[in-house]
Amino acid sequence: MSDSTLPSHRDVLRARETLGDRVKVTPLLPSASLSQLTGTTLVLKAENLQRTGSFKVRGALNRLAALSEAERTNGVVAASAGNHGQAVAWAAQELGVPCTVVMPTGASVSKIAATKGYGASVVLSGEAFDDAMSAARRRCDESGELLVHAFDDPAVIAGQGTVGLELLEQAPDLETLVVPIGGGGLAAGIALAISERRPSVRLIGVQSAACAPWLGLAPVGFTIADGIAVKQPGEMTRAILESRLAEVRSVSDQQVAEAILLLLERSKLLVEGAGAASVAALLAPGPKLEGTTCALLSGGNIDPSVLLSVVRAGLTRAGRYLMLRVRVPDRPGQLSRVLTEVGALGGNMVSVFHQREGRIDLGILETEIDLTILARDQQHCDEIVARLQELPGVGLQRLV
């Protein structure tokens with residue numbers, strides 16, 4: 001691909017003029033607690049607070065603003081796992097352009113609803129982003145609508161690059177930028193924005209270990225970071241980034257989930273899987289970065305059911321959830337005796353399941369109780385277990 005077909009730093013500057021005040025200048029937030037945990041001076045670029053909940057609106061609006069009258073009349077089509085679709089739908093609504101978004105069948109329910117809420121028609125097709133993209137291309141070939149690519153488009157890349165221009169102004173001492181990378185549009189745009197003005201800034205990309213083509217890894221399944229689960233980077237983005245990315249790291253779903261919970265607890269920021277990947281990479285074992293480091297939080301559109309699972313798993317790993325199977329004599333008052341002891345120690349009962357039938361290993365005069373208890377920490381869990389083990393006639397199995 002020749003350099004003449006690629007967007008440039010000047011295109012990013014023009015995109016900023018085009019976008020004007022229709023997109024937010026998102027805040028750059030320091031975090032003392034996360035700086036201590038990551039071993040670097042960490043600041044968070046909160047694109048999760050952007051319109052439609054992600055950086056994607058920048059590229060979508062810049063692309064649609066360049067449509068001809070004929071293209072505006074025919075309408076546009078986008079393929080998306082969620083955020084790009086919402087962004088294109090919002091931009092189309094702002095400019096009065098008909099819009100259809102093709103999404104994978106497993107796309108987040110909340111992202112589907114939000115895309116429809118911005119006025120777009122939604123079509124579900126295929127299991128992954130690449131399947132939705134193939135369906136979107138077929139639709140455009142048949143209908144004459146314009147495909148708005150999620151990342152491999154000069155105007156989209158330039159629009160995403162406006163994030164980099166903001167960072168240069170907000171963090172004059174920035175040394176390293178860690179950015180989630182799927183198709184590469186965000187990282188490519190930022191690279192164009194910062195490489196000419198401050199080439200010393202190191203750009204580190206982060207991918208999900210379940211889908212990391214920039215590291216040469218084949219997809220191995222679904223991931224909580226669905227927003228960066230792209231099987232193949234774009235030709236333009238690869239051409240821009242091959243000499244500008246300092247390195248690419250990968251993170252597991254468990255690491256991403258821990259980062260989501262930490263951002264929620266410590267920074268009061270709600271961030272989706274892909275958006276938390278940058279913080280996850282900094283928390284992972286490995287060399288610590290020196291100087292001011294920015295973790296880009298690319299989006300905040302997390303499905304409530306996923307968030308609930310993340311919180312539950314995080315509390316369990318932190319020793320906050322205690323699950324016990326308690327065997328007691330089948331006599332009146334035994335359940336009350338166990339619950340009274342848990343309450344006296346400050347345990348908060350989440351659920352109680354009393355089991356008598358269907359267990360051949362229970363004695364004739366025994367019953368079994370499954371308890372889920374919310375505790376303060378691991379030490380508190382141990383105290384509850386120790387106390388229940390002291391009760392006469394009680395058998396105890398710790399499940400979690």
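**View 1. Pairing of strands S7 and S8 in the predicted model.** Strand S7, comprising residues 174-180, runs parallel to S8, and five bridges join the two. Within this pairing, Thr176 stands opposite Arg202 of S8. The connection from S7 to S8 passes through helix H10 (residues 185-195), forming a β-α-β crossover that is right-handed.

**View 2. Burial of strand S8.** Strand S8 spans residues 202-208 and is mostly covered. Six of the seven residues in S8 are buried. For the chain, which has 400 residues, the buried fraction is 54%.

**View 3. Pairing of strands S8 and S9.** S8 is also joined to strand S9 (residues 247-251) by five bridges, and these two strands run parallel. Ile204 has Glu247 of S9 as its bridge partner. Together with helix H11, which covers residues 235-241, S8 and S9 form a β-α-β unit that is right-handed.

**View 4. The chain surrounding these elements.** The secondary structure comprises 16 helices and 14 strands. The C-alpha trace spans about 80 × 50 × 35 Å along its principal axes. Of the contacts between residues at least 6 apart in sequence, 73% link residues at least 24 apart.

**View 5. Surface and charge of the chain.** The exposed area of the chain is about 17,200 Å², of which carbon and sulfur atoms contribute 51%. The chain carries 38 positive and 42 negative charges, and the mean positions of the two sets lie 3 Å apart.

How values were computed
Residues are numbered from 1 along each chain as its sequence is written. This is a predicted model: local features need pLDDT of at least 70, side-chain atom pairs count only at pLDDT 80 or more; totals for chains, interfaces and linings use all residues. Side-chain values use heavy atoms; hydrogens and water are left out. Helices (H or I, at least four residues) and strands (E, at least two) are DSSP runs, numbered from the N terminus. Buried means under 20% relative accessible area, exposed over 50%, partly exposed in between (1.4 Å probe, protein chains only). Contact means heavy atoms within 4.5 Å. Accessible areas come from the Shrake-Rupley method with a 1.4 Å probe; for residues, only the protein chains shown count as cover. Lys and Arg count as positive and Asp and Glu as negative; His and the chain ends are not counted. The place of a charge is taken as NZ of Lys, CZ of Arg, CG of Asp or CD of Glu. Two strands pair if DSSP finds at least two bridges between them. A crossover is right-handed if, with the strands pointing away from the viewer, the path from the first strand over the helix to the second runs clockwise.
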